Amino acid sequence: MIRDNCPEGATTKQRLVGTYDKQRSGPTLVCLGGVHGNEPAGVLATERVLSVLKERRIPIKGRVLGVIGNIEALRRGVRHVEVDFNRIWMLERVERLKAEQNGANGSVEEREQLGLMSTLHEIFREAPEEVFVLDMHTMSADGDPFALFGDTLPNRKFASGLCAPLILGLEEHIDGVVLDYVNSLGHVTVGVEGGQHDDPRSIDQIEAIIWLALFSAGMIREEDAPEVARARQKLSIAARNAPPIVEIRHRHPIQSGDGFQMKPGYRNFQAVQQGEILANDNDGPVRSPEDGFILLPFYQGLGNDGFFIGREVKGAWLKVSALLRRLRFDAVVHWLPGIRRHPTQTDTLVVNRTKARWLTMEVFHLLGFRKRRIDGNTLLVSRRKPQLSNGRRF
Ligand SMILES: [Zn+2]
């Protein structure tokens, strides 16, 4: 048994909620819960699914595991103890932490990070085939479930099976989320928001999402598990008031002490208009920068995200982008005027915004790139990591 560097000497065994398999071959599904400690619904929903699978001995291809993200924060029932556990997974930072192995001296979250990394890498090493990671969260505001992912084709395929509205591009606005790190290792990843933190329906909704994730990953058959059809029905009803696909366009960051107060009553996917006053802070009213849908309005507790504004994406856009990516149009985009490859960073393009004025960020999104940085006239975009499993590409 690998001992990790968690507080109180937690081990991989303590980080595991449970596991279920019938045969070693097949996909691996990791249900990751409690990345934020005040969001236990994912862990509870995983326990429920595992106990049904075991009780009824439901046939399964591959292996499903439940894993806890931040054990100490979950034990205390707080979002995080020292730093947000879902903002510290930048590749360079992770590499530095691994090199230092600074378990004893680091923050609570750094010790948790070393522990979770050790557990996840052990699971990934043992996985004979494709790995899917489902990161399960809940929200401070009321609202129905939705799924978030970095826009690669395998992530899209997996997320589309979850019968929840799909949110693209959140990771472009937030650095260091755990799923971005796991995605960069070549695994399929989707995050889910299951409902309000303390609403018991959130556990039911996440349970439904896990059943659909097992089915979407090709691990269980509907004839063996009527829960799949029931989950589809439950989530389709929950999703009927939201647009099917939304791209995040804006994040309003907040800091402690800036007096941010969301106006009461906003729900996820509520339509908002440009200029609408959504909140107040020490500088006065905070307005929506554009027309769109509000997501994750911040109502209580700890956190740095005031709200997000998204815009509906039409299904045809996804089809065009899938086609362009299969044609590998991204591989020749640097031939266009004003675009060149980054001299040292692979999968990164340097865009001269004066010369390539006609190329908007939407076009780069279409081709599977994400915005990295804007320096005056220069835009840096990076291609999302290609998936490694089965030779499939983004
Ligand atoms: Zn969360």
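**Exercise 1.** Which backbone nitrogen lies 2.8 Å from a polar atom of the side chain of Q196?

*Solution.* A word on the model before we start: this is a predicted model, where local features need pLDDT of at least 70, side-chain atom pairs count only at pLDDT 80 or more, and totals for chains, interfaces and linings use all residues. Residues are numbered from 1 along each chain as its sequence is written, and side-chain values use heavy atoms, with hydrogens and water left out.

Step 1: find Q196 in strand 7, residues 188-196 (strands are DSSP runs of E, at least two residues, and helices runs of H or I, at least four, numbered from the N terminus).
Step 2: look for the partner, which is the backbone nitrogen of D198.

**Exercise 2.** Is Q196 buried or exposed?

*Solution.* Step 1: recall that buried means under 20% relative accessible area, exposed over 50%, and partly exposed in between (1.4 Å probe, protein chains only).
Step 2: Q196 has a relative accessible area of 12%, so the residue is buried.

**Exercise 3.** Find the donors of the zinc ion and classify their arrangement.

*Solution.* Step 1: H36 (ND1), E39 (OE), E39 (OE) and H137 (ND1) coordinate the zinc ion at 2.1 to 2.5 Å (donors are N, O and S atoms within 2.8 Å of the metal, or 3.2 Å for Na, K and Ca; water is not among the atoms, so sites may look incomplete).
Step 2: the angles subtended by the four donor atoms run from 54 to 143°. Four donors count as tetrahedral if all angles lie between 85 and 135 degrees; four count as square planar and six as octahedral if opposite donors are over 155 degrees apart and all others between 65 and 115; anything else is irregular.
Step 3: the arrangement is therefore irregular.

How values were computed:
Polar contact = N/O pair within 3.5 Å; in protein donor to acceptor, adjacent residues only side chain to side chain.
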